[in-house]
Amino acid sequence: MQPPGGKPWLLFGLLGASLATNLVMALWWPSGEQDCAPAPQAQAMPTEAEAAAAAAAMGDPAPVMQPEPVAAPVDMAGYKVIHGVVEANLARTFQDLGIDSADAVSAVFSRQFAWDLDLRRDLQKGDAITAIYTIDEQGDIDMPLAWFDSKKLGKALQAYRYQAPGDENPSYWYPDGTEVPYRLVDGPIAQYIQITSLLDDRRGHEGWDFKALEGTPILSPKAGRVEKSNWNHAANGNCVEVVQSDGVHALYLHMSRNDVKPGDSISVGQQIGLVGNTGRSTSAHLHYQVEKAGKVLDPGEYHGTTRRQLPPEAMGAFQQEMAKLDAMVEAG
Ligand SMILES: [Zn+2]
């Protein structure tokens, strides 16, 4: 699988900030707000007596009436289904749906597709979006399904959330079992929720951010020696800088705990510390930064990126989850 070309990373920031207005109103579809599927239409069935009379008239024994099959109602469980058509940009498409927290919902949606599309350049009028989401009291958005129908690609990118066997967090997958987000090859953190920022997503953002549960282990991808720790603690929180055997400096910020100290020799895979929310950070995440000769490198280029595939034995459960979400789209 080819790593993403160019710098799709740049988009994350652009998307968050894309409030540029365009006066063309997007088409508006009512968002599905009903909480369950409409009851199946009662079919005009002959009564048992009528059927028996009809059968008797034809000389047949009375048929045994089977109970009418009733489709199980789809449990929306507080989730909303939205559909929209792009006129100008994605943020605007979500705003025009008239939903709460439209920009935040747009940002969560866009994050899935920034891996496969340059969502600024590749967006075309008439592209369509579908999502299932809910927002909790803390304002956290939970989006188990995100579809983007791209005119440029000539197909719909359909991302479904699913927790793969052995993973501690769900990720997003395409129907063929390909993971939507790319991952670093031999990166410092295996179990994370999402990559939320890439290099240069925001002005001066010099690394990648991995949103993860507090206490998730961070392991050194290379051997090396600890150069320093806890500099600029107010901003960086608990942090460590390792000079690796390849001359690259690896920086780990916002940890809940450092497990190494300046001067320590580090072996490949050694635990550096744990993910935390210290310093200038609003939720638990690892900021991972790599530099060589004082120049910031893109972790995606330094490590290389890859896409996982769900193992064949997980496909059945994944397809069940997809069917459940597809039914919610239908019902919504
Ligand atoms: Zn960061």
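A nonpolar core is taken here as a set of buried Ala, Val, Leu, Ile, Met, Phe, Trp, Tyr and Cys residues joined through C-beta atoms within 7 Å. In this predicted model, the largest such core comprises 36 residues, and A131, I132, L145, A146 and Y160 have the most contacts inside it. At least two residues of this core come from each of β1, α3 (90–95), α4, β2, β3, β4, β5 and α7. Helix α4 gives the most, with 5 residues. A closer look at A146 is helpful here: leaving aside residues up to four places away in sequence, A146 touches F109, Q112, A131 and A159.

The strands named above belong to an open sheet of 5 strands, ordered β1-β2-β3-β4-β5 and paired in antiparallel fashion. Its edges are formed by β1 (80–85) and β5 (171–173), each of which pairs on one side only. On average, neighbouring strands of the sheet are turned by 20° against each other, direction ignored. At one edge, β1 runs antiparallel to β2 (residues 128–135) and is joined to it by 6 bridges; within this pair, V85 stands opposite A128 of β2.

Two helices accompany the sheet. Helix α4 (residues 102–113) packs on it, with contacts to β2, β3 (141–150), β4 (155–162) and β5, and its direction makes about 60° with that of β3. Helix α7 (residues 315–331), in turn, lies across β1, β2, β3, β4 and β5 and runs at about 115° to β4.

Technical notes: Residues numbered from 1 in each chain as written. Predicted model: local features only at pLDDT ≥ 70, side-chain atom pairs only at ≥ 80, totals over all residues. Pairing = 2+ DSSP bridges. Helix = DSSP H or I, 4+ residues; strand = E, 2+ residues; numbered from the N terminus. Axes fitted to C-alpha atoms, helices over the stretch in contact; angles between N-to-C directions. Contact = placed C-beta atoms within 7 Å. Buried ≥ 20, exposed ≤ 12 C-beta atoms within 10 Å, placed from the backbone.
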